[in-house]
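Please walk me through this structure in a viewer, one selection at a time. At each stop, say what to select and what is there.

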Amino acid sequence: MERFSRYVFAIAVQGFRLSEHDAEDVFQEVFARTYERLDKLRDDSAVRPWIAQLTRNLCVDRLRETARVEPAEDVEPGATDETLAELDLALTVREALESLGEPCSGLLDRFFCRDESYRTIGEGLELPPGTIASRISRCLVKMRERLEGRNDGAAPSGVR
Amino acid sequence: MSENAWNEERLAGLLRMLKPAPQGWVEAAAKLPRFRAVLDDLVERAEADAAFRAALIADLEAVLAREGVEPTPRLVAALRSRLA
């Protein structure tokens, strides 16, 4: 669950723009069904697309149930698909981050995902903000190298 | 892939997309296997014992609490559905 909680949350909230209540229902249902199917999902490569599709289906069901089949007026047609593709790519990047291990994974997570400042991170580590900035920059380089080294077609055409 | 396909700005933007899910959601989801086991046990006992089934249906919340799980509306609804 640790691995996919952010992804499922993001699909529901960013991809389908569900309300907090609906998104939580979808979130719990996804993991309830995943636990039920866990023994049949031993192939690790099958888990990710299975969870992605399940989450999307449940989000669509929820939108239908609440009579909100049509996207909100401020959502452009195709915007959901585009967002979902971006989230899939974001999960690839997230997995690369986690593969870096500490201290890089923690630094990048705190700065980019938890919106902590250089100063806040530095205070905890007793390092000046400039040092934190340098380390984050180096960690990004390492992550980029890791992603480029994958060479497994993970980066879709949407990569700019 | 072009050399700058994974440039820093792009990576930063993608990292920002996956914010942590609310802690309460994650904690609740982590308890799902235990909750499911409790429900399975209660349903099995209800199927085998009519008196227990009647007591269970009469006060789902109390039985769940006695089993050591918080009787959240979601859990109570799931149990009610399985007993229907």
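The tour below goes from the whole of chain A to its domains, then to one helix, and ends at the partner chain.

This is a predicted model, in which local features need pLDDT of at least 70, side-chain atom pairs count only at pLDDT 80 or more, and totals for chains, interfaces and linings use all residues. Residues are numbered from 1 along each chain as its sequence is written, while chains are lettered from A and ligands numbered from 1 in the order in which they are written.

**Chain A.** Select chain A and show it as a cartoon. Chain A has seven helices and zero strands; helices (H or I, at least four residues) and strands (E, at least two) are DSSP runs, numbered from the N terminus. Of the 160 residues in chain A, 31% are buried, meaning that 20 or more other C-beta atoms, placed from the backbone, lie within 10 Å of the residue's own. Among contacts in chain A with a separation of 6 or more, 67% are between residues 24 or more positions apart; two residues are in contact if their C-beta atoms, placed from the backbone, lie within 7 Å.

**The two domains.** Next, colour residues 1-75 of chain A as domain 1 and 87-160 as domain 2; these bounds come from an automatic or database domain assignment. Seven residues from domain 1 of chain A and four residues from domain 2 of chain A form the contact. On the domain 1 side, helix 1 (residues 5-15) of chain A gives the most, with six residues.

**Helix 1 of chain A.** Now select residues 5-15 of chain A. Ten of the eleven residues of this helix 1 of chain A are buried, so it is largely enclosed by the rest of the structure. Among the buried ones are Tyr7(A), Phe9(A), Ile11(A) and Gly15(A). What do they pack against? Their partners are helix 2, helix 3 (44-65) and helix 4 of chain A, together with helix 1 (8-17) and helix 2 (23-30) of chain B. Step just past the end of helix 1 of chain A to Arg17(A), which takes a positive phi of about 55°.

**The side facing chain B.** Finally, show chain B as well. Here 32 residues of chain A are in contact with 24 residues of chain B. Helix 4 of chain A supplies the largest share of the chain A side, eight residues. By class, that side has 22 nonpolar, three polar and seven charged residues, where Ala, Val, Leu, Ile, Met, Phe, Trp, Tyr, Cys and Pro count as nonpolar, Asp, Glu, Lys and Arg as charged, and the others, Gly among them, as polar.

Conventions. Buried ≥ 20, exposed ≤ 12 C-beta atoms within 10 Å, placed from the backbone.
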